[in-house]
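Today I want to look up how a ligand is held in its protein. I will keep my notes short, so come and read along.

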Amino acid sequence: MTYNFPENIKNMTPYEPITGEYKIRLDANESYINLSDEQKKELNERVNNLDFNRYPDPYAVKLCKAFGDLYNVNPNLVTAGNGSDELIALLCGTFFTKDDTVAVFSNDFSMYRVYCETYGVKCKVIPKREDLTIDVSKALEFIEHENISAIIFSNPCNPTSIGLTKDKVRCLINNTSALVILDEAYMDFWDESLLSEVENYKNLIILKTCSKSIGLAGIRLGFLIANKEITSLVRAVKSPYNVNTITQTCGEVILSDKAAVLTAAKEIVENKNELESEIKKLASSYPEEILNVYNSNTNFVFLKVKNGGKIFEELLNRGVAIRFMGEYLRISTGSEEENKALLENLRDILERGADE
Ligand SMILES: *Cc1c(COP(=O)(O)O)cnc(C)c1O
């Protein structure tokens, strides 16, 4: 029999992030803070002493313990992944059958839909309100009427930057028997996490990543936290050596430095607040160009604009990369100096645009 590519993947194209060298990178929501010299020195020592010839610990016990200590959760309910992307893919690939339908919101993190498509899982979209907030009662109705088995969303949301308070998230989880996959990638920048109560729910999975506030996007490390039963299944279906030894070691060292983690998140939020308020000032000077700046609970600012493509291209030409998303722009906070450079360039572009 001839081989044919499966229908659901045959027209897919590779993910293409911005490539090339830009002085200022504000396009991927990474942390602008690199490791300190002391942290690097400690990592070097630890890495030098690793047994490179041996497989990694399949359950990353020391790493999960460090995660548990940092976030105050039982490490037995924590599973590490090769980035939270791996965990999202794993859930889409193993937790659903062809009879299941997964719900996602629009706008939300695009990879949820990509992985559903990749694994041939049916996926339906719940629209958000006009102001991009989530309507929990509408979501619950949708879940009921459309026979949804699971819902996955980010809180606070990438790309909208908007958070849903924990009482509202609880209301969603408590009023459905569908599985709720709650992606708290940006929750270190806000204080509405459900991590400490994950054990109380039959139908909750929480995802975390070290790529944002922790500043370790380069080592690929994410976590899945859920009750005992779900955790046991996730550990059963994951590939045994999914998190390599170097990543486990780096993660353990950095997550154990609680003071550094908290200080970094606090500084990032302060810079984002400053960036957000400056962009709001620009919006009031150029109301025809910047149509809305959303109140952010994350490390980035999300804005609705008239000529997004033009602003994006002109910033790129000046060595500043941000994220262009149709009628919206998403700008991650950089350091104080990077934000200053971004704002000067943005102001200049808007001024020239207004002159034309
Ligand atoms: C960045 C991001 C992730 C990806 O995290 P990795 O651990 O780097 O794979 C997951 N979810 C959301 C909402 C993100 O913005």
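I began with Asn158: one of its polar side-chain atoms lies 2.8 Å from an oxygen atom of the ligand. I looked up Thr209 too, and there a polar side-chain atom is 2.6 Å from a ligand oxygen atom. For Ser84, I found a backbone N or O atom 2.6 Å from an oxygen atom of the ligand. Taken alone, the ligand exposes 380 Å², and the protein buries 93% of that (Shrake-Rupley method, 1.4 Å probe).

A note on my source: this is a predicted model, where local features need pLDDT of at least 70, side-chain atom pairs count only at pLDDT 80 or more, and totals for chains, interfaces and linings use all residues. Residues are numbered from 1 along each chain as its sequence is written, and side-chain values use heavy atoms, with hydrogens and water left out.

Next I checked the neighbours. Which residues come nearest to the ligand? Of the 14 around the ligand (a heavy atom within 4 Å), they are Asp183, Tyr186, Thr209, Ser211 and Lys212. Helix α3, residues 83-94, gives the largest share of this shell, three residues (helices are DSSP runs of H or I, at least four residues, numbered from the N terminus).

Last, I asked where the ligand sits. I found the ligand in the largest pocket (more than half of its atoms lie within 2 Å of the grid points). A pocket here is an open set of points on a 1 Å grid over the protein atoms alone, where a 1.4 Å probe fits, with protein on both sides within 12 Å along at least five of seven lines.

Notes:
A polar contact is a pair of N or O atoms within 3.5 Å; within protein, one must be able to donate a hydrogen and the other to accept it, and residues adjacent in sequence count only if both atoms are side-chain atoms. On a 1 Å grid over the protein atoms alone, a cavity is a set of points where a 1.4 Å probe fits but cannot get out, and a pocket is an open set with protein on both sides within 12 Å along at least five of seven lines; lining residues have an atom within 4 Å of a point. Helices (H or I, at least four residues) and strands (E, at least two) are DSSP runs, numbered from the N terminus.
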